[in-house]
Structure formats: C-alpha cells, structure tokens
Amino acid sequence: MKLKPAELSAALDLLEQGDWKAAHEIVQKDEASPLACWAHGIVHLMEGDMPNARYWYREAGRAFPAKASIQDEIKTLKESR
C-alpha cells in the first residue's frame, strides 16, 4: 500500500517529536515507495537498530549517512517530498 502524502507528513511529524514507534506504525504499511522506505530507515536509526536502518536506506536507494543526524535526515526527507 502506498502512503498518502498526509500519512507520510504525519509520520514525519511524529519522527520530529521523537515518537518513532507511532511513526513506524505508519511507514511500515508502504514497503515500496522510496520516501516511505527512507522514513522507515530513520525510524530504525532512532530505535538504534542500525542493521535494519541500513536495510531500509538501501530499499530507499539512499546512501546510509556516515554521521547520522536524525534531525537533518528528517529535514532533508521533508524537503524531498
């Protein structure tokens, strides 16, 4: 299922608030769109699950950030929509 723009926005707002668990509930519904996969990777960065984060970054077609600034990743993702 492809996320609607409003759903992705809601997930990003939750990530900005630090609520990665609620964001995960949203983004895991879409395992195909690059933006949802990127958001899924950020969820796992926040969780501290680096292998899973790397997987989702690969699925998104993005390089895994060497020095992951979660806030920068969220900001860049928001600007990419």
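Me: Which residue follows helix 1, and what is the sign of its phi?

Reply: Before answering, keep in mind that this is a predicted model. Helix 1 is followed by Gly18, and the phi of Gly18 is positive, near 85°.

Me: How far apart are the end C-alpha atoms of helix 1, and what should the helix span?

Reply: The general idea is to allow 1.5 Å a residue, so the twelve residues of helix 1, residues 5–16, should span 16 Å, and the end C-alpha atoms, at 17 Å apart, agree with that.

Me: Which residues of helix 1 are buried, and why do they line one face of the helix?

Reply: The general idea is that an α-helix has 3.6 residues a turn, so residues three or four places apart point the same way. In helix 1 the buried residues are Leu8, Ala11, Leu12, Leu14 and Leu15. Seen down the axis of helix 1, these buried residues fall within an arc of 160°, so they line one face. Pro5 and Ala6, on the other side of helix 1, are exposed.

Me: What do the buried residues of helix 1 pack against?

Reply: They pack against helix 2 (20–27), helix 3 (34–47) and helix 5 (70–80).

Me: Which residues are buried in helix 5, and which are exposed on its other side?

Reply: Glu73, Ile74 and Leu77 are the buried residues of helix 5. Their arc around the axis is only 100°, which puts them on the same side of helix 5. On the other side, Lys75 and Glu79 are exposed. The cover over the buried residues of helix 5 includes helix 1, helix 3 and helix 4 (50–60).

Me: How many aromatic pairs does a search of the whole structure find?

Reply: The search finds two aromatic pairs. In one of them, Tyr55 and Trp56 are edge-to-face, with 4.9 Å centre to centre and 85° between the planes. For the rings of Tyr57 and Phe64, the centres are 5.3 Å apart and the planes stand at 80°, so this pair is edge-to-face; the general idea is that planes over 60 degrees apart count that way.

Me: Are these four residues buried or partly exposed?

Reply: The general idea is that a residue under 20% relative accessible area counts as buried. Trp56, at 6%, is therefore buried, and Tyr57, at 0%, is buried. Tyr55 has a relative accessible area of 35% and is partly exposed, while Phe64, at 26%, is partly exposed.

Me: Where does the charged end of Arg62 sit?

Reply: The charged end of Arg62 sits over the ring of Trp38, and its distance from the ring centre is 3.6 Å.

Notes
Residues are numbered from 1 along each chain as its sequence is written. This is a predicted model: local features need pLDDT of at least 70, side-chain atom pairs count only at pLDDT 80 or more; totals for chains, interfaces and linings use all residues. Side-chain values use heavy atoms; hydrogens and water are left out. Helices (H or I, at least four residues) and strands (E, at least two) are DSSP runs, numbered from the N terminus. The expected span of a helix is 1.5 Å times one less than its number of residues. Buried means under 20% relative accessible area, exposed over 50%, partly exposed in between (1.4 Å probe, protein chains only). The arc is that of the directions from the helix axis to the C-beta atoms. Contact means heavy atoms within 4.5 Å. Rings of Phe, Tyr and Trp (its six-membered ring) pair if their centres lie within 6.5 Å; planes under 30 degrees apart count as stacked, over 60 as edge-to-face and the rest as tilted. A charge sits over a ring if NZ of Lys or CZ of Arg is within 6 Å of the ring centre and within 35 degrees of the ring normal.
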